[in-house]
Amino acid sequence: MSSPKIVNGPGGYILQDVPHLIDYLPDLPTYQNPLKDNPAYSVVKQYFVDTEDTVPEKIIVHKDGPRGIHFRRAGPRQKVYFESDEVHACIVTCGGLCPGLNTVIREIVSSLSHMYGVKRILGIDGGYRGFYAKNTIPLTSKVVNDIHKRGGTILGTSRGGHDTKKIVDSIQERGINQVYIIGGDGTQRGASKIFEEIRKRGLKVAVIGIPKTIDNDIPVIDRSFGFDTAVEEAQRAINAAHVEAESNENGIGFVKLMGRHSGFIAMYATLASRDVDCCLIPESPFYLEGEGGLFEYIEKRLKEHGHMVIVLAEGAGQEMMTKSMETNTLEDASGNKVLKDVGLWLSQSIKDHFKKIKMVMNLKYIDPTYMIRAIPSNAADNVYCTLLAQSAVHGAMAGYTGYTSGLVHGRQTYIPFYRITEKQNSVVITDRMWARLLSSTNQPSFLGPKNISEQKKETHETPSPDGEICNGVVHIPPVTKEITNLTFQLLLLLHVSSESSWITDDASRRPTKFLEYAKSPEVFDWMVGIRRKLHENPELGFEEFETSKLIRSELDLMGVKYKYPVAVTGVVGYVGTGEPPFVALRADMDALPMQEDVEWEHKSKVPGKMHACGHDGHVAMLLGAAKILKEHHQDLQGTVVLIFQPAEEVFAGAKKMIEAGALKHVEAIFGIHLTNQVPLGKTASRAGSLLAGSGFFEAVITGKGGHAAIPHHTIDPVIAASSVVLSLQHLVSRETDPLDSKVVTVSKLHGGNAFNVIPDSITIGGTLRAFSGFSQLQERIKEVITKQATVNRCNASVNLKPNGKEPVPPTVNNMDLYKQFKNLVRDLLGEDSFVEVSPIMGGEDFSYFAEAIPGHFSFLGMQDETKSYASPHSSLYRVNEDALPYGAAMHASMAVRYLEDKASKGSDTPKDEL
Ligand SMILES: Nc1ncnc2c1ncn2[C@@H]1O[C@H](COP(=O)(O)OP(=O)(O)O)[C@@H](O)[C@H]1O
Ligand SMILES: O=P(O)(O)OC[C@H]1O[C@](O)(COP(=O)(O)O)[C@@H](O)[C@@H]1O
Ligand SMILES: [Mg+2]
């Protein structure tokens, strides 16, 4: 792919520019824009867009934050690179239908002919394959005059059939020099390939994408055209569902809407309607039975209101329909996964449930699927389509190419293809919009199925003997039907035998064998490849959709079964017998919001995001371990649970994973972190407290402001804040055992901006660290702030999760697991390979796992003599990839040894002994 055009400016300004024909055809002549003499436009002040104008990607900024990424502003330029007579344009529509397609076609034709005097415009019949397989349709203003009143596309559309070479051959043969491609994410990927091929051939052809999809799954842009119309049309189905529900005893109106991977239509239709009681989308996993489940909510709603409306996006709950697993692998001609009909399945499941509990219920299922996209666009979308089409044409005439025309914060922009195709837009359920929906419907969030104490109790219980019997094997009693199905499939899958076996080997030699295997070129290169892919495409906490997709596809290739999504993007894989004991290995997946400064081939492709804490390496190591374990799965004496968790850095993803059931039945867990502080091939750990509990606080101390010269008429928050800051120092110096290490630091103090005005309030903030008594310290901080404020006649509000930053408890290593780990390291890496570390004041959310069950966290060295490796969270951070096989072998060996140890002790070993 041609390299992105990035322009850096002062204050952290970044322009992600679009390609231009002169990038590879530097001698092209320019012409005056004919609009200059057009009576309609020549009078418009500043009609031509200044070439320096750009539009910011993010409009919410902090005072001291960088100016961030910008896109080129769309619109007509003074100079154009095509003469009117020279232009030979074509238009193609691809993918699924969408309201507004005809409007865009009409406006491209009108803009080209009326504004720029273009006479030769071709319609390509039936999508990409029409370039080489079908006839073309000549397009004139007359032909397109009325088409915006019709749904669909007058050009026809199709999926599949993208053959870059054939398409570009046909463009070249026909002498086409402007290609307007209207379609969704798949189409834009195809357009990007066409652009690259055209550039490679050095053709004077502009390639322009116009984003279409009612699913709104195209990133960066505000919304895609037709979305508004689809949401509006969906209202009709929801209204009908509501009428049906209200008119029947315990009526449920159930509407299935489109939305393959993104639940935007369902979310907006729900928010618009106000009649919907529950909205289910692919991004927000849900479950049916038990506390906090869908059935419980429906029962409650019916008892309280006598009726309810459910809206379901077609991609939601797919993973629960385990019955017909084989259809899961089917793809349409474009390579999109063919979905199973979740609407029919879920409405049947609801009916079955109410039959079982003998409660009257009347469910009416409405599936308006194609109706919402086959209609003409509404007024708002018509205007939007017009502007998009005009912008697309202005850009092409001005010589820009390789871009998608799109709306960003209400302004028309040109966005380079790589930003449009890098990921799919989806509802972020940790964002405010989803929170607004939850508060509007009052539905459960489904994020925390069981309370944690119950979880802990369950995971520490020996599986009950009254579990299900299958093939003479006793299984764990399932909490939900989904888990039953999964366990059953695991058992079927895991009973297949593999070719190689380690069971007869000397146990102390086995880790070395694993390491040799992980170091073999085939496995090593594969791990490095995964790590580099992740490094190029970093994703922040709870946004690790592509990361998670990559993990799942690798697990699929290995034949490792998994649960997904667990806590938004998390994946939990299973290798072994499918039976107890269960031991877990954990890797974190998220990146950091920082710009990479290391110049190398696989540098982060996402400006402002970087894997600067080695989580890309952690994922590669755990996948490496999965490969080793899968190779030998028939010899495992229990089940290894592979936990790929989101959001370690800020949002305590580990906690969410536990709440979502990732540790169910798991007895022990191991985690590894790469470190630059220890030489390659060595590891570091300690028994007991390894990492501190870490948290934050922010307090607003409010008094009464006034003139600084008459302080007695004020209540001065500055004095109160000063007392608070001093008093907080005593928590460590006077209340903590000097041999125990704790930190309370006030690092922020804001308020007031005049010499003679006492402000109304002061904000202070800081961090706390502790190995013991973490929550007591939090409580004392709160108490000291509020009470000191009171002494000074002020009020104080204290927030222990400022900006959503979750505190993490101390990471405490279990003594027996630590001993086991140390022995293993000796077997694997030699006598002097273990480094006993002192406790570290940094925090890790692995602590949530180690708090719930016995856990062990260790560091794996990557420092070598030749290069220096920067500290984590540095923009110069690098991973020594030679460490990856060590990580994979350590993970796999720890799991195997744990299971063997358990087996040798017998199944009745009390879990507390660990
Ligand atoms: N990765 C890709 N590379 C090239 N062409 C693609 C790619 N993905 C999809 N396409 C093509 O784009 C067209 C539309 O894709 P599809 O996924 O069906 O719809 P949409 O563009 O609406 O997402 C199809 O002709 C398909 O072959
Ligand atoms: O049956 P078809 O034509 O494949 O279309 C169904 C799909 O089209 C969509 O509307 C999305 O289409 P696009 O990706 O083409 O925008 C999905 O919501 C739906 O799953
Ligand atoms: Mg698509």
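Author: A polar contact is a pair of N or O atoms within 3.5 Å. The model discussed here is predicted.

Reader: How far is an oxygen atom of ligand 2 from an N or O atom in the side chain of T213?

Author: A polar contact requires N or O atoms within 3.5 Å. The side chain of T213 supplies an N or O atom to such a pair, and ligand 2 supplies an oxygen atom. The distance between the two is 3.2 Å.

Reader: Which residue places a backbone N or O atom 2.7 Å from an oxygen atom of ligand 2?

Author: Ligand 2 has 13 residues around it, and those that come nearest are G96, D215, E314, Y370 and R373. R373 uses a side-chain N or O atom, 2.8 Å from an oxygen atom of the ligand. The backbone atom at 2.7 Å belongs to G96.

Reader: What percentage of the area that ligand 2 exposes when taken alone does the protein bury?

Author: The shell around ligand 2 comprises six charged, four polar and three nonpolar residues. Among its polar contacts is one from the side chain of R373, at 2.8 Å. Taken alone, the ligand exposes 480 Å², and the share of this area buried by the protein is 83%.

Reader: Which residue has a side-chain N or O atom 2.4 Å from an oxygen atom of ligand 1?

Author: Ligand 1 is surrounded by 18 residues, with R159, G160, D185, T187 and S334 the closest. A polar side-chain atom of R159 lies 2.7 Å from a ligand oxygen, and for the side chain of K212 the corresponding distance is 2.8 Å. The residue at 2.4 Å is T187.

Reader: How many polar residues does the shell around ligand 1 have?

Author: K212 makes a side-chain contact of 2.8 Å with an oxygen atom of ligand 1. On its own the ligand has 550 Å² of accessible area, of which the protein covers 87%. By class, the shell holds two nonpolar residues and five charged ones, while the number of polar residues is 11.

Reader: Is strand 2 mostly covered or mostly uncovered?

Author: Y13, L15 and D17 point one way from strand 2, whereas I14 and Q16 point the other way, and all are buried. A residue counts as buried under 20% relative accessible area. With five of its five residues buried, strand 2 (residues 13–17) is mostly covered.

Reader: Which residue is the bridge partner of Y13 in strand 5?

Author: Strand 2 pairs with strand 1 (residues 5–9) in the antiparallel sense over five bridges, and K5 stands opposite D17 there. Strand 2 is also joined to strand 5 (residues 68–73) by three bridges, and these two strands run parallel. In strand 5, the partner of Y13 is G68.

Reader: Why does the pair of Y287 and F446 tie together separate parts, and how many residues apart in sequence are they?

Author: Among the 14 aromatic pairs of the structure, Y287 and F446 form one that is edge-to-face, 6.0 Å centre to centre with 80° between the planes. Y287 is buried at 10% relative accessibility, and F446 is buried at 8%. Y287 lies in the loop between strand 13 and helix 10, and F446 in the loop between helix 14 and helix 15, so the parts that they tie together are separated in sequence by 159 residues.

Reader: Is N442 buried or exposed?

Author: Most residues other than glycine have a negative phi. N442 has a positive phi, near 70°, and is found in the loop between helix 14 and helix 15. A residue over 50% relative accessible area counts as exposed. At 56%, N442 is therefore exposed.

Reader: What is the relative accessible area of A647?

Author: A647 is another residue other than glycine with a positive phi, near 50°. A647 lies in the loop between strand 23 and helix 21. A647 is buried, and its relative accessible area is 0%.

Reader: Which residue is joined to P565 by a cis peptide bond?

Author: Most peptide bonds are trans. P565 lies in strand 20 (residues 561–566). The bond before P565 is cis, with omega about -10°, and the residue it joins to P565 is Y564.

Methods:
Residues are numbered from 1 along each chain as its sequence is written. Chains are lettered from A and ligands numbered from 1 in the order in which they are written. Side-chain values use heavy atoms; hydrogens and water are left out. Buried means under 20% relative accessible area, exposed over 50%, partly exposed in between (1.4 Å probe, protein chains only). Helices (H or I, at least four residues) and strands (E, at least two) are DSSP runs, numbered from the N terminus. Two strands pair if DSSP finds at least two bridges between them. A residue is near a molecule or strand if one of its heavy atoms lies within 4 Å of it. A polar contact is a pair of N or O atoms within 3.5 Å; within protein, one must be able to donate a hydrogen and the other to accept it, and residues adjacent in sequence count only if both atoms are side-chain atoms. Accessible areas come from the Shrake-Rupley method with a 1.4 Å probe; for residues, only the protein chains shown count as cover. Ala, Val, Leu, Ile, Met, Phe, Trp, Tyr, Cys and Pro count as nonpolar, Asp, Glu, Lys and Arg as charged, and the others, Gly among them, as polar. Rings of Phe, Tyr and Trp (its six-membered ring) pair if their centres lie within 6.5 Å; planes under 30 degrees apart count as stacked, over 60 as edge-to-face and the rest as tilted.
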